[in-house]
Structure formats: structure tokens, C-alpha cells
Amino acid sequence: MKFRDIYSSQKLASFIIYAHVLYMRKEEYEMKRRNMVLAVFAIVGLLVLSGTQSVFAAPIKIGVAGAFTGDLASYGLPTVNAAKLVVKDINAKGGINGQLVELVIEDDQCKPELATNAAAKLVSAKVAAVIGHICSGATKAALGIYKDSKLVTVSPSATNPPLTQSGEYPNFFRTIAPDDAQAKLAANFLTKTLKLKKIAVLHDKGDYGKGFAELVKEYAEENGVQVALFEGINPGAPDYSAVVNKIGNAKVDGVVWGGYHPEASKLVQQMKDKGMNIPFLSDDGVKDNTFIEVAGKYAEGVYATGPTDTSSNPLAIKAIEDHKKEFGSEPGAFFLNAYAATQALLNAIAKAGSTDYNKIVAALQSQYVDTPLGHISFDKRGDIIGFGFSVFQVKNGKYVELK
């Protein structure tokens, strides 16, 4: 055999071996590819069967708007925490109709000019609905934007009566009774329980504070009480000695305040420093532990109307405990109202099977849901059904509900 024949035979053998290796590698690759495809289908099947197919669906975006910084943050932050807890629970169960829920949070500091900006941002973010706002003035400023965009808004704390009673905002709902109910309770309490005959009524000139004050004045006068002084003051002022002197000169036997805790704490302190130990009655804008912390010893004995205490409700107990575990603190003002607002809104979306505006509205007005506030729904105006106000008093540094 010649050398070239031997060389050709070796070359042919090498080629055959190389071709066999390529063939085996191709078979191995095809097998791995088939196994990978089967594995992917198996995973998808498991996800569908387990109800977690929502990871493939666009989330339902829910806006949360309110005072999350500034002097009134203690009223707004509990709402964010409540919404987070409710959404965490719902998402753990697979979301709503195969979609997870995502929160979009915007701060308005309870200022109307910031509320409109927050509302515009939420609309741009394409939220399906909004929890908030917190303060009535900020809520009113934002509602027109939500109305034009056909977005349902559920507030845990905006109590100004015209928000529902004017009929201007069919997109607005709230998990708190309006100020007319709160004001009537306050007027009856100062008349029938405190037996006051002559009072001063002060307010902060805002939609919420002034609205509450005007209603208390109206109901008190209907009860035969004389309103000797009715006056608005400027929020944020360092000193209110001028109006405190007017209170003293009017010789009243009680004071009603419409507004929030920063001004209330100053008024109470300056009144007591001048020896005016007369009843001081306010609204749910003062029924907050922050007022007690700021006013200190001067808070003792102050009365305030606020949402009825439902802390013995098993759902409320669980919500409060969940807050302590998650955030390491007590919840704060309007937490349970916000928890209920989030539950009611997401329940309506689930029952509607859609984020369609009209379907959500219909569900809110026809469906009842169990919440920390009780078994609630909403009337055609948007006011809560099944929950109201009580009177509280600061005793030994804590608000206690008066039965």
C-alpha cells in the first residue's frame, strides 16, 4: 500500500469519527432543547393551576393620596400603611381576577395646590382608582380632576358634607360620616351632657374646619345655646393670645374648635395659662394622639368627636396587630377607616370583574363588605352605611370613648 493511500484512509476515518461526534452532539442538543421546552410548559401549567398566573398580567394600579409629610403627616401615613397591608394580603392570595395590585403613592401635605398636582400625577400613572385624599380642602381640589378622568375616589377622612351632598362628585365615596353628623353629635353633647349655655366657636378658615364650626353653631343655636363669639384664625400663627383674650371677654362657658391639632394645642395651652379651665370640644382633626403629644399636660380633659371605636372588632384587632408587626408601631388616626376604604374599593373591583368606572360605582353602592369598621356599604351619595361618630375625652394622656 502506498503512503498516500494510508494517509487517505486515516483522513477518511477521522472524518467519519468527527461526523459521528457532531451527530451525537446534535442529538444531545435536541434532547436538551426538548426537555427545556417541556419544563417551561410544566412551569406555566403549575402557575395556572396554582392561581399565580397574575405574574404575566398587567397590575391593577391604585393611587394613594394624602399628607405623607409636613405637620399633618400623622393623619396621612396611617392610610398608606393600611393600603399596603390590604394589598399585601390580596396579592398573597393571587391578586384580583388574575392581576396583582400595585400602589402608586403621591403626597399633597393636605394642601389644595399640591393636591391638584398629586391628582394629575396619578391620572398620568393610569391608576384604576384612588384611596384619599385625607383633608377635605385637598380632596375637593383634586376631585374635579378625578371626575374628568372617571376615577373613583374613596377617602378615609374627608368629612366636608358638600363633597357628597352637593351631587357634584358622583365619583367620591368615604368611609367616615360627614361633618353634619359629627357637628350634630357635638352640639347635642355640649348642650345635653355638658349643659353649656354660652360658647365661643373658632375655626381655621378651611373647608373642613370652617364647615364643622358653622354646623356646630347652627345646631347649638337650635338647641338654645348662645354663640357669643364666632371667629376664624390663621393656621400656623405662633401666638393666639388676641383670640384667647376675646374668649375671656365674651365670658363663655365652653369653646368649640373646627380644625386640626397644631392650632388646637396652642389654643388649649394659652387658654389654660390664662386660667380658662372651661370645656374645649373639637373634631376628628384633633382626635389624634399627635395632639396629645404636642399639647402635653394641656390636652387633659379635652373633648373631641371622632370615628366610633371598633377596636374590639376581630378584624380591627387583626389589622392593628398586623400593623404593629409590619411597621413596629401603633397605627394612628384613620387607619381603620383607610383599611376599610381599601378593602371596599378592591372588593368592588373584584365583584365588578373590571376596572370600569361605572361597574365599580355600582358595586360600591350595592355590595357590603366586612371590614374593621363593621359590615359596610355606601349610599347613592357616596356616604358610608353602617358606621358613625362618638365623643372622646383625653383621660390620663389617652383618648377614651364616652359611652
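A charge is taken to sit over a ring if NZ of Lys or CZ of Arg is within 6 Å of the ring centre and within 35 degrees of the ring normal. In this predicted model, Lys217 lies over the face of Phe230, at 6.0 Å from the ring centre. A second contact of this kind involves Lys287, whose charged end sits over the ring of Phe392 at 4.3 Å from its centre.

Phe392 leads from this contact into the strand pairing around E14. Strand E14 spans residues 389–395, and six of its seven residues are buried, which leaves the strand mostly covered. Strand E10, residues 303–307, runs antiparallel to E14 and is joined to it by five bridges. Within this pairing, Ala304 has Phe392 as its bridge partner in E14.

Strand E14 also pairs with strand E15, residues 398–402, again in the antiparallel sense and over five bridges. Here the bridge partner of Phe392 is Glu401 in E15. Phe392 is thus bridged to Ala304 of E10 and to Glu401 of E15, while its ring lies beneath the charged end of Lys287.

The connection between E14 and E15 can be followed next. The two strands form a hairpin with two residues between them. In that turn, Asn396 adopts a positive phi of about 55°.

Contacts between aromatic rings complete the description. Searching the whole structure yields six aromatic pairs. One aromatic cluster is formed by Tyr75, Tyr208, Tyr260 and Phe334.

Methods. Residues numbered from 1 in each chain as written. Predicted model: local features only at pLDDT ≥ 70, side-chain atom pairs only at ≥ 80, totals over all residues. Heavy atoms only, no water. Buried < 20%, exposed > 50% of the residue type's maximum accessible area, 1.4 Å probe, protein only. Helix = DSSP H or I, 4+ residues; strand = E, 2+ residues; numbered from the N terminus. Pairing = 2+ DSSP bridges. Phe/Tyr/Trp six-rings, centres within 6.5 Å; stacked < 30°, edge-to-face > 60°.
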